[in-house]
Amino acid sequence: MLNGAVALALHRLAESTDASLLIVGGQRPGRFAAMTRMLEGSVSADLTSLQSRPVLVIPHLRT
């Protein structure tokens, strides 16, 4: 698990390994997750703006 600037850390890891695709999870549902996004931002949104390579965002399945 990464703490801090997660999108930047994943961006650097993808660059250093010459990844052809990044796959990340989408936003989690719930009030706590929404509050966390409001304070920290969305990792998937930040990552897509940093990357020149494709980023596949897998949505959270609601049950």
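The exercises below work through the fold, core and surface of a predicted model.

Residues are numbered from 1 along each chain as its sequence is written, and side-chain values use heavy atoms, with hydrogens and water left out. In this predicted model, local features need pLDDT of at least 70 and side-chain atom pairs count only at pLDDT 80 or more, while totals for chains, interfaces and linings use all residues.

**Exercise 1.** State how many helices and strands the protein has, and their pattern along the sequence.

Solution. Step one: take helices (H or I, at least four residues) and strands (E, at least two) as DSSP runs, numbered from the N terminus. Step two: count 3 helices and 2 strands. Step three: read along the sequence to obtain α-β-α-α-β.

**Exercise 2.** Classify histidine 11 and serine 44 as buried or exposed, and list their contacts.

Solution. Step one: buried means under 20% relative accessible area, exposed over 50%, and partly exposed in between (1.4 Å probe, protein chains only). Step two: histidine 11, in helix 1 (residues 6–17), has a relative accessible area of 16% and is therefore buried. Step three: serine 44, in helix 3 (residues 43–50), is buried because its value is 10%. Step four: with contact meaning heavy atoms within 4.5 Å, and residues up to four places away in sequence not counted, histidine 11 touches Leu47, Leu50 and Gln51. Under that exclusion, serine 44 is in contact with Val24, Gly25 and Val57.

**Exercise 3.** Identify the residues of the largest nonpolar core and the elements that give two or more residues to it.

Solution. Step one: a nonpolar core is a set of buried Ala, Val, Leu, Ile, Met, Phe, Trp, Tyr and Cys residues joined through side-chain atoms within 4.5 Å. Step two: the largest one has 5 residues, Ala7, Ala14, Leu22, Val24 and Leu47. Step three: helix 1 and strand 1 (22–25) are the elements giving two or more residues to this core. Step four: for the whole protein, buried residues make up 21% of the 63 residues.

**Exercise 4.** Locate isoleucine 58 and name the nonpolar surface patch that includes it.

Solution. Step one: isoleucine 58 sits in strand 2 (residues 55–58). Step two: its relative accessibility is 41%, so isoleucine 58 counts as partly exposed. Step three: patches are made of residues with over 30% relative accessible area and no salt bridge (a side-chain nitrogen of Lys or Arg within 4 Å of a carboxyl oxygen of Asp or Glu); like charges are joined within 9 Å, nonpolar side chains (Val, Leu, Ile, Met, Phe, Trp, Tyr) within 5 Å. Step four: Leu21, Ile23, Leu56 and Ile58 make a nonpolar patch of about 350 Å², with areas from the Shrake-Rupley method using a 1.4 Å probe, where for residues only the protein chains shown count as cover.
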